[in-house]
Amino acid sequence: MCKIDLEKYLAFNKEWASTMVNAQKGYFDTLKEGQHPKALLVGCSDSRVSPSKVLGIDLGELFIHRNIANVVSHTDLNFLSVMQYAVESLGIHDIIVYGHYGCGGIKAAYENKTNGLIDNWLANIKDVIRHHKSELEQISDEDERINKLVELNVLEQIENIKQTSIYKKAIARGEEIRLHAWVFDFSTGLVHDLKKKYNIVPVAV
């Protein structure tokens, strides 16, 4: 087994911290005072889709929750706690579901093989497949079909957010919660806004 040199990360951290202090006096003092993120991002755990790298965000800009295939599950107390804190304590009004093409979780759910414990989690995505079975079957190319499933999964998680008590209570209080559906494309490095791609017009609640 190849040994990984983790020390390089600590060395980079020291250099980065020094650079930040030299570039912006009091940078870490500001961070220490508290966070004021602009949005909550629900992303995939895949190591290739780091929002910080892809979106160029600074520390404190995004409140981030990641899991396999960026799923919003109504039984996931971890995510629900994150969302509640984001909306009710941090005052966040923008929530981004951030998927990516080439998602292993999406592919595993599509292939429907036995994978062990993760099958319980993938059941959420299999529900998406079942709901959109006829639409997916119309796509002959398998890679394109899986990419379409990636998009449908992101859009489905947007709908799942709308069904949470946290979202409904925020709307009842008169707050505007803006939901965004994004997908990262490895082949280009670009992030696609699905609502613009499919001309999805927000419906008034």
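Colleague: With which residue does K32 form a salt bridge?

Modeller: This is a predicted model, and a search of the whole structure finds nine salt bridges. In one of them the closest N and O atoms are 3.6 Å apart, which falls within the 4 Å limit, so K32 qualifies as bridged. The partner of K32 is D29.

Colleague: In which helix do K32 and D29 both lie?

Modeller: K32 is exposed, with a relative accessible area of 66%, whereas D29 is partly exposed at 44%. The two residues are three places apart, about one turn of the helix. The element that holds both K32 and D29 is helix α2, residues 27-32.

Colleague: How many residues apart are K148 and E135, the pair that links distant parts of the chain?

Modeller: K148 forms a salt bridge with E135, their closest N and O atoms being 3.6 Å apart. K148 belongs to helix α8 and E135 to helix α7, residues 133-137. K148 is buried at 17% relative accessibility, while E135 is partly exposed at 31%. The separation of K148 and E135 in sequence is 13 residues.

Colleague: What distance separates the C-alpha atoms of E159 and V72?

Modeller: E159 is found in helix α8, residues 142-162, and is partly exposed, with a relative accessible area of 38%. Within that helix, K162 forms a salt bridge with E159, the closest N and O atoms being 3.4 Å apart. V72, by contrast, is 87 residues from E159 along the chain. The C-alpha atoms of E159 and V72 are separated by 9.1 Å.

Colleague: Which residues are joined into one network by salt bridges that share partners?

Modeller: K162 and E159 are a pair lying three residues apart in helix α8. Elsewhere, bridges with shared partners build a network. Its members are D94, E176 and R178.

Colleague: How far from D119 is the nearest side chain of opposite charge?

Modeller: D119 is found in helix α6, residues 118-131. Leaving aside neighbours within four places in sequence, D119 is in contact with K113 and T114. D119 is buried and has no salt bridge, because the nearest side chain of opposite charge, K126, lies outside the 4 Å limit. The distance from D119 to K126 is 4.6 Å.

Colleague: Is the ring pair of F63 and Y85 stacked, tilted or edge-to-face?

Modeller: The count of aromatic pairs comes to four. For F63 and Y85, the ring centres are 5.8 Å apart. Their planes stand at 40°, which is neither under 30 degrees nor over 60, so the pair is classed as tilted.

Colleague: How many residues apart in sequence are the parts that F63 and Y85 tie together?

Modeller: F63 lies in strand β2, residues 62-67, and Y85 in helix α4, residues 77-89. F63 counts as buried at 16% relative accessibility, whereas Y85 counts as partly exposed at 40%. Because the two rings sit in these separate elements, the pair ties together parts whose distance in sequence is 22 residues.

Colleague: What is the angle between the ring planes of F184 and F186?

Modeller: F184 counts as buried at 6% relative accessibility, while F186 is partly exposed at 33%. Their rings are 5.3 Å apart, centre to centre, and form an edge-to-face pair. The angle between the planes of F184 and F186 is 85°.

Colleague: Is A69, a residue with positive phi, buried or exposed?

Modeller: A69 lies in the loop between β2 and α4. Its phi is near 70°, a positive value in a residue other than glycine. At 0% relative accessibility, below the 20% cut-off, A69 counts as buried.

Colleague: Is N199, another residue with positive phi, buried or exposed?

Modeller: N199 lies in the segment after α10, and its phi is near 55°. Its relative accessible area is 62%, which is over the 50% cut-off, so N199 counts as exposed.

Colleague: What share of the 205 residues of the protein counts as buried?

Modeller: The secondary structure comes to ten helices and five strands. The C-alpha atoms fill a box of roughly 55 × 55 × 35 Å along the principal axes. Of the 205 residues, the share that counts as buried is 38%.

Key. Residues numbered from 1 in each chain as written. Predicted model: local features only at pLDDT ≥ 70, side-chain atom pairs only at ≥ 80, totals over all residues. Heavy atoms only, no water. Helix = DSSP H or I, 4+ residues; strand = E, 2+ residues; numbered from the N terminus. Buried < 20%, exposed > 50% of the residue type's maximum accessible area, 1.4 Å probe, protein only. Lys, Arg positive; Asp, Glu negative; His and termini not counted. Contact = heavy atoms within 4.5 Å. Phe/Tyr/Trp six-rings, centres within 6.5 Å; stacked < 30°, edge-to-face > 60°.
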